[in-house]
Structures are given as structure tokens and as C-alpha cells.
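Here is a short tour of one protein chain. Have a look at the sequence and the structure, then read on.

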Amino acid sequence: MSRHEGALPAGFDEPVFAEPWQAEAFALTVALHGNGLFSWSEWAEALSAEVKKPGAASDGHYYYEHWLVALEKLLSRKDVASKGEVDELAAAWERAAHATPHGKPILLENDPGAGR
């Protein structure tokens, strides 16, 4: 194990992402762009529209929440997943998380509402 493993790069005082889901949302967006689902200018427009909405925190506190909304809207616009489908999947993950014992991996198969 490297003595630098887990350490932040020089010049960084805090992690870039406050929560793991933020890094995952970022990586997913980059991967979808890399696979040609949308151009970077389309992404910039979608994210900008969310960040500029009235009531958005000027300190960027909800930046990744806006990021998720922008990504969900792009997925819907591109006919990849509707808002309803995204909401259903999010609810399934939430149920699976609540049904999973502490310390165990959360698996969608643990959703007690699956197969209804």
C-alpha cells in the first residue's frame, strides 16, 4: 500500500465530493457523455438551467442535487428513462437499503417490493 493512498492530491484541503453518490453521479454523467448519449454543450445547458433556477443556493450547497435533476431530465429527453422510471428505481433502492442489515452491501434484490 502506498503511503499516499487515500490522501488528497497536493493543493486540496477537502475532498472534491462530499458524499460517494456525488462522485458516482459525476462518473455516470461522464460515462454517458463518453458513450455519445449527449454532447458536453447539451450537458452544460441542462446543468446550467437547474443551477440558475430561482431559489437555488448561491453558495452551491445543492450543486449535486441540481446535477442529478439535470441528468434525470436529459435521460428523459433522450428517451433513456422517464421520470417515473427513475423515481421507481430510486424508491426500489431506498426500500432495499432499509431492508439490508447494517454493514452489508445494498443490493436491489433486497427490495421487499420487488416483483409486485
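## The overall layout

Follow the chain along its sequence and you'll meet the pattern α-α-α-α. Put as a tally, that's four helices and zero strands. Keep in mind that what you're looking at is a predicted model.

How much of the chain counts as buried? Of its 116 residues, 20% do.

## The largest pocket

Now for the largest pocket, which has a volume of about 670 Å³. Its lining is made up of 18 residues. If you want to find the middle of this pocket, look for Leu-68, Glu-72, Leu-89, Ala-90 and Trp-93, the lining residues that lie nearest its centre.

Which helix gives the most to this lining? That's α4, with eight residues. Helix α4 covers residues 83-99, and α1 and α3 (63-77) join in too: each of these three helices supplies at least two residues of the lining.

What about the chemistry? Sorted by class, the lining of the largest pocket has 13 nonpolar residues and five charged ones, with no polar residues.

## A nonpolar patch on the surface

Over on the surface, Phe-26, Val-30 and Trp-40 make a nonpolar patch of about 260 Å². One of these, Phe-26, sits in helix α1, which runs over residues 20-34.

Why can Phe-26 be part of a surface patch? Its relative accessible area is 34%, so Phe-26 is partly exposed, and patch residues need over 30%.

How values were computed
Residues are numbered from 1 along each chain as its sequence is written. This is a predicted model: local features need pLDDT of at least 70, side-chain atom pairs count only at pLDDT 80 or more; totals for chains, interfaces and linings use all residues. Side-chain values use heavy atoms; hydrogens and water are left out. Patches are made of residues with over 30% relative accessible area and no salt bridge: like charges are joined within 9 Å, nonpolar side chains (Val, Leu, Ile, Met, Phe, Trp, Tyr) within 5 Å. Accessible areas come from the Shrake-Rupley method with a 1.4 Å probe; for residues, only the protein chains shown count as cover. A salt bridge is a side-chain nitrogen of Lys or Arg within 4 Å of a carboxyl oxygen of Asp or Glu. Buried means under 20% relative accessible area, exposed over 50%, partly exposed in between (1.4 Å probe, protein chains only). On a 1 Å grid over the protein atoms alone, a cavity is a set of points where a 1.4 Å probe fits but cannot get out, and a pocket is an open set with protein on both sides within 12 Å along at least five of seven lines; lining residues have an atom within 4 Å of a point. Grid points are joined across faces, edges and corners, and a volume is the space filled by probe spheres set on the points. Ala, Val, Leu, Ile, Met, Phe, Trp, Tyr, Cys and Pro count as nonpolar, Asp, Glu, Lys and Arg as charged, and the others, Gly among them, as polar.
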